[in-house]
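Here are my notes for you, written as numbered points. Have the structure open while you read, and look up each residue as it comes along.

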Amino acid sequence: MKRDFVPEHLHVAEFAKAGGQLSGDNPLAEFKRLAAEAVESVEDRQVHWEAEGEEREETGGRAEPWIHLRAGATLPLTCQRCLTPVQTPIEVDRWFRFAADEESAAALDEELEDDVLVASRDFDLLELIEDELLMEVPITPRHEVCPQDLPLSVQDADFDSSEKERVNPFAALAKLRSDKAE
Ligand SMILES: [Zn+2]
C-alpha cells in the first residue's frame, strides 16, 4: 500500500516504516521566522529540503522511527565587517530519532547526544526545518572578501603596518575645521 505523506502533517512512525521520502522547494517567505532574519527581500527565494524515513530496531526489539533531514537556503544577512548584505548559505544535514512519547523523549535526550523528538501522528516537518535552519544562522556573518575598500581602522591585518603612514586623525579634523572656518 502506497501512502502519500504530507510534510505539515506527517505520521512519523508510518513514514519511517515505509522508508518514506519527501522533498520540496518552499518559498523562503513562508518560513516567517527565518525570513525575518533577512536584510533584503526574500521573494523568489526557496528553501530546498529532503526528508527520508527509516525504521531502526532498538535493543529491546522495538522499532524506532528515524528521519534524516537535509535542508538549505541562502539568506541575505548583514556582514559584520562592512555592514553590507552578504548572501549566506545555511544548511542542515541531521538525523532525528523519535521516541514514543514526551516522557521517553526526555529520558533519551538526557542519555544521548542525539536529537530526540516525539513521534507524533501529526508532525510538522516544515516547522522542524525552520527550527533547524534558524539554529544555523551565524551570529557574525561575513563576506569572505568584502566588496569595497574599508576604512583602515577596520582592517585588522593591515592595521599595524599602515599605522606609521596614517595621518593623525585629530590633525586631519583640525585641518577640516580650519578649512571650513575660512
Ligand atoms: Zn563584508
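Is His143 buried or exposed? Keep in mind that this is a predicted model.

1. Let's settle that question straight away. His143 has a relative accessibility of 14%, and buried means under 20%, so His143 counts as buried. You'll find His143 in the loop between α4 (125–136) and α5 (156–163).

2. Now check what surrounds this histidine. If you skip the neighbours within four places in sequence, His143 is in contact with Cys79, Arg81, Cys82, Thr84, Pro85 and Val86. With Pro85 there is also a polar link: the side chain of His143 reaches the backbone oxygen of Pro85 at 3.0 Å.

3. Next comes the metal. The zinc ion has Cys79 (SG), Cys82 (SG), His143 (ND1) and Cys146 (SG) as its protein donors, and they lie 2.0 to 2.3 Å from the ion. Along the chain, these donors follow the spacing C-x2-C-x60-H-x2-C. Like His143, which counts as buried, both Cys79 and Cys82 are buried.

4. What is the geometry of the zinc site? The angles among the 4 donor atoms run from 103 to 119°, and the site is tetrahedral.

5. On to the nonpolar core. The largest one has 35 residues, and Leu125 and Ile129 are those with the most contacts inside it. At least two residues of this core come from each of α1 (12–17), α2 (32–35), β2 (46–57), β3 (63–78), β4 (85–99) and α4. Strand β3 gives the most, with 6 residues. Try clicking on Ile129: leaving out neighbours within four places in sequence, Ile129 is in contact with Phe31, Val47, Trp49, Leu69 and Ala71.

6. Finally, look at the aromatic rings. A search of the whole structure turns up 3 aromatic pairs. One of them is Trp66 with Trp95, an edge-to-face pair at 6.4 Å centre to centre and 70° between the planes. Trp66 sits in strand β3 and Trp95 in strand β4, so this pair ties together parts that are 29 residues apart in sequence. Trp66 is buried, at 9% relative accessible area, whereas Trp95, at 30%, counts as partly exposed.

7. Phe98 and Phe123 also form an edge-to-face pair, 5.3 Å centre to centre with 90° between the planes. Why does this pair tie together parts that are 25 residues apart in sequence? Because Phe98 lies in strand β4, while Phe123 lies in the loop between β5 (115–118) and α4. Phe98 is buried, with a relative accessible area of 1%, and Phe123 counts as buried at 13%.

Conventions: Residues numbered from 1 in each chain as written. Predicted model: local features only at pLDDT ≥ 70, side-chain atom pairs only at ≥ 80, totals over all residues. Heavy atoms only, no water. Helix = DSSP H or I, 4+ residues; strand = E, 2+ residues; numbered from the N terminus. Buried < 20%, exposed > 50% of the residue type's maximum accessible area, 1.4 Å probe, protein only. Polar contact = N/O pair within 3.5 Å; in protein donor to acceptor, adjacent residues only side chain to side chain. Contact = heavy atoms within 4.5 Å. Donors = N, O, S within 2.8 Å, 3.2 Å for Na, K, Ca; no water. Tetrahedral: all angles 85-135°; square planar, octahedral: opposite > 155°, others 65-115°. Core = buried A, V, L, I, M, F, W, Y, C linked by side-chain atoms within 4.5 Å. Phe/Tyr/Trp six-rings, centres within 6.5 Å; stacked < 30°, edge-to-face > 60°.
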